[in-house]
Each structure stands twice: as structure tokens, then as C-alpha cells.
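Hi,

Here is the structure I promised to pass on. Please have a look at it first, and then read my notes below.

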There are 2 protein chains.
Amino acid sequence: MVAPARRRRVTISDVAKHAGVSKAAVSKVIRNDYGVSEAMRERVKRAIDELGYRPQAAARALRGRAFTIGVLMRHIGIPFYAEIVTGLVEQLTESDYQAIMIHGGTHDKTEKRALDALTDRQVDGILMIAPLVGRTQLEQVAREIPTLVLGRHDRSPAYDSIVDDDRIGSELVMEHLIALGHRRIAHITFQQEHGRLADQMPHIRAETYERVMRDHGFADEVAVAATSYSEEGGYRGARELLSRSSRPTAIFAGSDEAALGVLAALHEAGLSVPGDVSVAGYDNTRLAAHPHIALTTVNQDGVVMGRTAGRLLLERIEGRTSAVHFSVIPSLVVRRSTASPRGTEDCAAPHIYARKGHDAPTQSDHQ
Amino acid sequence: MVAPARRRRVTISDVAKHAGVSKAAVSKVIRNDYGVSEAMRERVKRAIDELGYRPQAAARALRGRAFTIGVLMRHIGIPFYAEIVTGLVEQLTESDYQAIMIHGGTHDKTEKRALDALTDRQVDGILMIAPLVGRTQLEQVAREIPTLVLGRHDRSPAYDSIVDDDRIGSELVMEHLIALGHRRIAHITFQQEHGRLADQMPHIRAETYERVMRDHGFADEVAVAATSYSEEGGYRGARELLSRSSRPTAIFAGSDEAALGVLAALHEAGLSVPGDVSVAGYDNTRLAAHPHIALTTVNQDGVVMGRTAGRLLLERIEGRTSAVHFSVIPSLVVRRSTASPRGTEDCAAPHIYARKGHDAPTQSDHQ
DNA sequence: TATCTTGCATAGACCGGTCTACGTTCGCGA
DNA sequence: TCGCGAACGTAGACCGGTCTATGCAAGATA
């Protein structure tokens, strides 16, 4: 057994010596900088290949760029967030930049820590997916590093942003349910830690829910369970709603994840979907399309959002200083989890199983 | 509107000047190094707080440590992998280290690129989840950086490893199906790019499937669809299996994800589960427990595996040179997706809905 | 021919930390 | 009183890149 003896990495000086040129020349070749003859370029490239040289990001970061984009997300397992990252990574493969993902957790304290970790690592740009920290903090970070905030409605000249129009999306769901004949519609929202921020996406969805209820004269039927957007949150929220005096005939969950929890709770309570209760989600996660779930939900293309985010971030890094704000118009996807209450007027829409898998980049419908 | 004017970060020199001491002293305080008086420690700490100083990882990396653990995974959206990361992150919060995740993709070429990206960034340790690259490559990386390989059976003195015992897990599934009375059991496996590696986990599951079939005298009934472990792969695999002359009465999918695709394909074909076909998966993903899915599967605790991985990596970084190999014994979780063929002898196991959510760190069963 | 530009190549400062080598002070035993 | 080691503190090299300032040669211009 040979001793491990971590061998030293090949450095730019090694390459320079091997090619018989200066460090600066090698650096220029690597960065495709101006002022290098064709002959020199060839020589250096050969030396790089022969020695298997790769520049060290830490050293580059100190002076220039780290060629790294940091992605801050609550948890990497959240399906919709994973879709966004798919788009981002796709976009970045064309460039020299690499995306690194980092866990922010569910508290703004842990998120702050993660954010610090990214800035400490000198990333060139940050993509924040539905961050929890306050706007002031965001702007402070954005002053140091090009930043793009995804999924929050508070615009700022300091950073770019991409949001799905949660008002429209929520309206689509609500109008759909009301058109089916529902009146007792309940909602499950995400309870922020300390004082909900008015510009956070969960708040807008909840707000829109209430407004539409009032607009249709169902103000008395408003019922909100404030738990979380996770499956667990949906489960708890649904149980709470079911325990109240008048049972809702439909539940609009703020996210697909939460809707899954709702389905579980209903199943446990022996209630059928959509017979006894209709259920709708938000995000059109891959699972919503599964025939065993067949969830009516709001579609916002995470992959496209991720790609756009990547493009905007690269632009910022290249020097753009004016802020850009994108708003994505969502659409409703009706599946079997919603129907008229009490089974009357069963508007059986033809079942659509739209698979959205990592192996199938193009979304395709069967039958 | 104020000009952005990216302001300069506070450096160690600023702190030193502010506290009236040397850079070296500040450095010592930060690293809890030996040879600092209590008075000095206090002064420096106060200066750090007053200036809001945070050391820059890139600069530290150049000389010492980057305090970063890199996690290489095919895709961050794979539920089981996300669980592993949960455990890892949990373990690392106690330390000064930060986990960064990176997409490897499904080709060993893109994976190699991602791996390079991690080494370029001078991470102190690497966790590779079910990597695709060859053993030689792994050992080469491990010679440079402390490495832990998760989910592969090829041990090496160069790196630590954690695996679930896929032989036992696959046997559990097969014996369960056979005990129920199944004979025509099919399997869906993951087709490696170029020449399957005998030590890869999909190969072991497939191999065990075939062995158990032979051992029970069902060699003629062996039917394998080689697609992928994704939902899409399961869907394609199931369609292929169903199109063959004799339809299987049970399908053992190599992963829960694939099992979801199988369920979708069966639904589309108008076949009931478990009435017409029983389905089993592997990993006990959170979704397998959902009552609408209720998948019989193999449980391996990803969170615990991730925690262990973190511990072992930190040990390595601290200097351990001997390799450690962990093997986890999996267990079977029986749910409603498996039953005796043709509905005879319906062994209706009481339904268990075990939620495994991010909000619910403790796994709890209802009813 | 003298001067100016342009293209190419290099030396060396620099980024922000860590770490080694060394200096100073203090306490204690001979 | 001297010698010595332990405790504490600092100067400055160093890590591996980037970038600025500068030198030099060849061709263009006056």
C-alpha cells in the first residue's frame, strides 16, 4: 500500500516554465485576453494539455472572478426549486460559470448564515429562491454581489427579479373552483416566522384567495390554515380545517407539496377526492401530473425561469447596472382532483398525464 | 438613486489596524490558535464585531482550508439524494464547514466536469453520491482530496464509503413477492452508458433479482427492462414489459422514482395495482408513503447516511488516513402496492402512512 | 531620419488570508 | 545574578492567480 502523499497541484508557474514563457502570458491565454500571438497561444495550450493544468478558483477569486454562481434555496429537495436549478445549470453549461447550491433552511437566521457562506466564498452572482430575509438585507447583499431574487414581489433597483404573477395564478384557481359551484373554499398558507412580509409570495396567494372570496360574496366562508407549504404543513392544515364546524367543499393549497399533504389527510379521514372535497395546488410539480395524484394546479415553468435567471445574472456580471424585473404569466392545469361539489354535474375532463421527467426535457401529453 | 459603488469588504488588515495589533494576531484569534492572551482575544473579537468582519474563504483556501465540503450528485431533485444532503447539512452545522451541492448530470462526462469544478474550488472534502465515473478516477480524486463515496460497492483504501446492502434489500423485496405467490416478476434497472460497472448499485440490484429468481426455479420468467431509475425510465420500462408476450404479475423497480413511472404506465394501460400487477420500489422515498401511492419499498435511512458521511469526512480532514467502510442493513416496508396475484388470498396489511417531511424530523406513523 | 503607433511579452505588485521564524517579556530554578 | 523555557506577539514570506506598468521591436507617419 503506497503512502497517500497528496501530490502538489500543477500551477500556472509550472505551465509557464514548461512552455518557456511568463506567468502573465499563460494567464492571458487562459482568459482569452488581448495581446497574444498565435504561436504563443499554441505553445501555452500545448503545455497546459501536457501538464493537465487547471486554474485554481480560489486564487482567481482573490483578484478576479471565481466563475461561480451561488444558489440559495430553503432545501434542495423541493421539487419546484429543483426545476429552477435545472434551467439555471442548463443555461450556465454554455459559459465558464458553475452553479453551486446551498441550503438556507426554514429560518431567516440559518438563511442568513448560508448567505454569508456564499459571499465569503466570493461567488460572482447569487440566485436567491424565495428568500426569507428582509428586503434591507437583500439590498445589502446586492450591493456587494450581483443578485437575482426569484419568487418575491418586492422589486428593488438593487437587484433583478423574476416572479410568477401569483395574483393571476391564484385567481385562476379560485375562479375555476367557483365556476364548478364551490362556495366553502378553504386555503392553506405559509406562516412566516416573525410578521409576514407583504411582498412574500405566500402572502399574495392568501390575499388573492380572500379577495376573490369577498368579491363573490363568500366573505363568511373564508377559512385559512396558516401552517407551511410543505407536505407536512398541508397535512396539518387540512386536519385543522376538517375539524372546524363547517367542512370546506374545496381546498386551495398554496403549493403542490402542501396539496399532497391535504390529499393524505383527506384519505385518512375517509373523504374522497374530488367527490367529497376538491383539491388544488400551485406549481405544477412533476408529481401533480402523476395519475395517482392528478392534481389541478397552476403551471409556472420553473426550467424557463431558471434559464432566464442564469441569463440575467451573467448580464449583471458583465456589467449591467440597471435592474430588470420579469413577471411570468401562469396558467391553470385542470386534472381530476377538482369537480363540482357533491358529485353533481360531474364535469369529467379527459384525463391528461403530462410527464415531466429529467429524462424528458420536452413536456409531452399522453392521450 | 445612489450609485451602487460596490464597497470594499472589511479585511483582516482593517481589523488589525482597528484593534492596534498585527494581522497574525487576528488570524490566530479567528482560528483559535495557541498563543493568544485573554486580553488580546477580547480586543480582537471586539474589533471583529465592530467592523462586521468575515474572513474570505478564497484567501483562506489558498493557504489553508476553504471550510467547504462539496457534494456531487446527479441532480438535486432526486428525493433520496436530497435526504442524504439533509443529514449531511445537519451534521455540518455543528462545525465551521459548509456544504455546497453541485450537479453532475447523467453522463460521466458532465460528471467529470462537475468533479473538476469542485477540486478547482479547493473544497476540503467531497461527498460523491452514486457517482458514474470509473474507480480509477475516484482514486485519483481521493488522492488529492478527502473523499467519501456513497452508494457504490467498490471499496478502496483511498476513500471511505457508505452503502446500503443492496443484496439484502433486493432479496427482501423478492422474497416478499415470491411469498405472496408471484412467479412472473419483472425488474427495471438503470442502463449505464458504456459497459455497466459491476460494483454499481443498479447492477447489484439487478443481479440479485436474477439470482433469487433462479434460486426459486423461475429462471425462465426473468424479465428485465434496462432503462433508468427515473420516473420516465420506469414508465418506459413498464410499457416495454407490458408489451411482451407474457405479462408480469409483479414489477420490482430499482428505485421508487421508477416505481412511480410504473404505476403511471399501469394506470394508463387500465391495469389495477395490486389487483392485476404488484409493484415494489427501493429507497422509501417520502412519496412512497403517500396514501395515493402506498408503495411497498426498501427503507434505507438517507438522513442517517448523510450524517455519517459528514462525520467521516470531517474525520478524514482532521487527518485520518485509513479507510472506513460502512454498510447499512435495509428493511422492507410493506404497503398496499403489493398483494397476492389475481386478488386471491388478499393479505390486506393495515395501511401505514408514514410521513417523512422536512418539517417532521421524526418519522411518525399514523394509525 | 525621427517619432509615433501598434502588437506582443514580461516583471513584479497585489488580492487577503495563513504560517514560519524570530523577538520580547516574564517567571523560576540554580 | 544568570540562564532558560514558556507564553505571547510580530514581520514578512507565501499561496496561485490577475493586472498594471513597462520594455522592445516592427511598421506607419511626418
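In this predicted model, α2 (23–30) of chain B and α3 (residues 38–51) of chain B have axes that come within 10 Å and cross at roughly 90 degrees. Angles of 65 to 115 degrees count as roughly perpendicular, so α2(B) and α3(B) are roughly perpendicular to each other. On the α2(B) side, the contact is made by B:Ala25, B:Val26 and B:Val29; α3(B) brings B:Met40, B:Arg41, B:Val44 and B:Lys45. Sorted by class, that gives five nonpolar residues and two charged ones, with no polar residue.

α2(B) also turns up at the DNA. Together with α4 (57–63) of chain B, and with α2 (23–31), α3 (38–51) and α4 (57–63) of chain A, α2(B) is among the elements that each supply at least two residues of the surface near DNA strand C. In total, 27 residues surround that strand, the closest being A:Ser37, B:Ile12, B:Ser27, B:Arg63 and B:Gly64. By class, this surface has 13 nonpolar, seven polar and seven charged residues.

Then there is the contact between the two protein chains: 58 residues of chain A touch 58 residues of chain B. On the chain A side, the elements that each supply at least two residues include α4, α5 (79–92), α6 (108–120), α10 (231–243) and β13 (353–355). The largest share, six residues, comes from β2(A), which spans 98–103. This side of chain A has 29 nonpolar, 16 polar and 13 charged residues.

Happy to talk it through whenever suits you.

Best wishes

Notes. Residues are numbered from 1 along each chain as its sequence is written. Chains are lettered from A and ligands numbered from 1 in the order in which they are written. This is a predicted model: local features need pLDDT of at least 70, side-chain atom pairs count only at pLDDT 80 or more; totals for chains, interfaces and linings use all residues. A residue is near a molecule or strand if its C-beta atom, placed from the backbone, lies within 6 Å of it. Helices (H or I, at least four residues) and strands (E, at least two) are DSSP runs, numbered from the N terminus. Ala, Val, Leu, Ile, Met, Phe, Trp, Tyr, Cys and Pro count as nonpolar, Asp, Glu, Lys and Arg as charged, and the others, Gly among them, as polar. Two residues are in contact if their C-beta atoms, placed from the backbone, lie within 7 Å. Axes are lines fitted to C-alpha atoms, for helices over the stretch in contact, and angles run from 0 to 180 degrees between N-to-C directions. Angles under 35 degrees count as roughly parallel, over 145 as roughly antiparallel, 65 to 115 as roughly perpendicular and the rest as oblique.
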